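Visitor: I should like to request a close look at a single part of this structure, the aromatic residues and their surroundings. Please take me through that part in one connected account.

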Amino acid sequence: ANAARDKVQDLRECDMRGTSPAGFDIAGALMGDGNFAGVNFQATTMSKVIAEGANFEGASFQDAVADRVVFNGANLKNARFNNA
């Protein structure tokens, strides 16, 4: 995934707690200041995501493709990156 999109996935400031985009391709998404606590990102492609200041507490990134993600200032407490 090279994050080339016709439309940008804008999830900035969204409350996505408890959802599951497992297996989806969200490469290039804007996720800044969003709440993704407990979200299941298992096997999700999220290359080049901008997630500054987002909350990923307790999220699972197992088997995710999470390269070149900007997590500056994000809460990654208890987030799991097994095999990511």
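Guide: The model shown here is predicted. A search of the whole structure finds nine aromatic pairs. One of these joins F41 and F61, whose rings are stacked, with centres 5.0 Å apart and an angle of 0° between the planes. F61 also pairs with F81, again in a stacked arrangement, at 4.4 Å centre to centre and 5° between the planes. F61 therefore takes part in both of the pairs just described.

The partners of F61 are not alike in their exposure. F41 is buried, as is F61. For F61 the relative accessibility is 0%, and the residue therefore counts as buried, the limit being under 20%. F81, by contrast, has a relative accessibility of 35%, so this residue counts as partly exposed. The stacked pair of F61 and F81 thus brings together a residue that is buried and one that is partly exposed.

These three residues belong to a wider group. F36, F41, F56, F61, F71 and F81 form one aromatic cluster. Several of its members recur in the largest nonpolar core, which has 18 residues. Within that core, the residues that touch the most other members are M31, F41, F56 and F61. In soluble globular proteins, nonpolar side chains tend to be buried together.

F56 deserves separate attention, since its contacts can be listed in full once residues up to four places away in sequence are set aside. Among them are F36, F41, F61 and F71, which are also members of the aromatic cluster. F56 touches M31 as well, a residue named with F56 itself among those that touch the most other members of the core. The remaining contacts of F56 are A37, A51, A74, N75, L76, K77 and A79.

For contrast, the charged side chains may be considered briefly. The count of salt bridges comes to three. D10 and R12 meet in one of them, at 2.5 Å from N to O. D10 is partly exposed, because its relative accessible area is 39%, and R12 counts as partly exposed because its value is 47%. R17 and D15 form another salt bridge, at 2.4 Å from N to O. Here R17 is exposed, with a relative accessible area of 53%, whereas D15 is partly exposed at 45%. D67 and R68 also meet in a salt bridge, at 2.6 Å from N to O. In this pair D67 is partly exposed, at 27%, while R68 is exposed, at 52%.

Terms used: Residues numbered from 1 in each chain as written. Predicted model: local features only at pLDDT ≥ 70, side-chain atom pairs only at ≥ 80, totals over all residues. Heavy atoms only, no water. Phe/Tyr/Trp six-rings, centres within 6.5 Å; stacked < 30°, edge-to-face > 60°. Buried < 20%, exposed > 50% of the residue type's maximum accessible area, 1.4 Å probe, protein only. Core = buried A, V, L, I, M, F, W, Y, C linked by side-chain atoms within 4.5 Å. Contact = heavy atoms within 4.5 Å. Salt bridge = Lys/Arg side-chain N within 4 Å of Asp/Glu carboxyl O.
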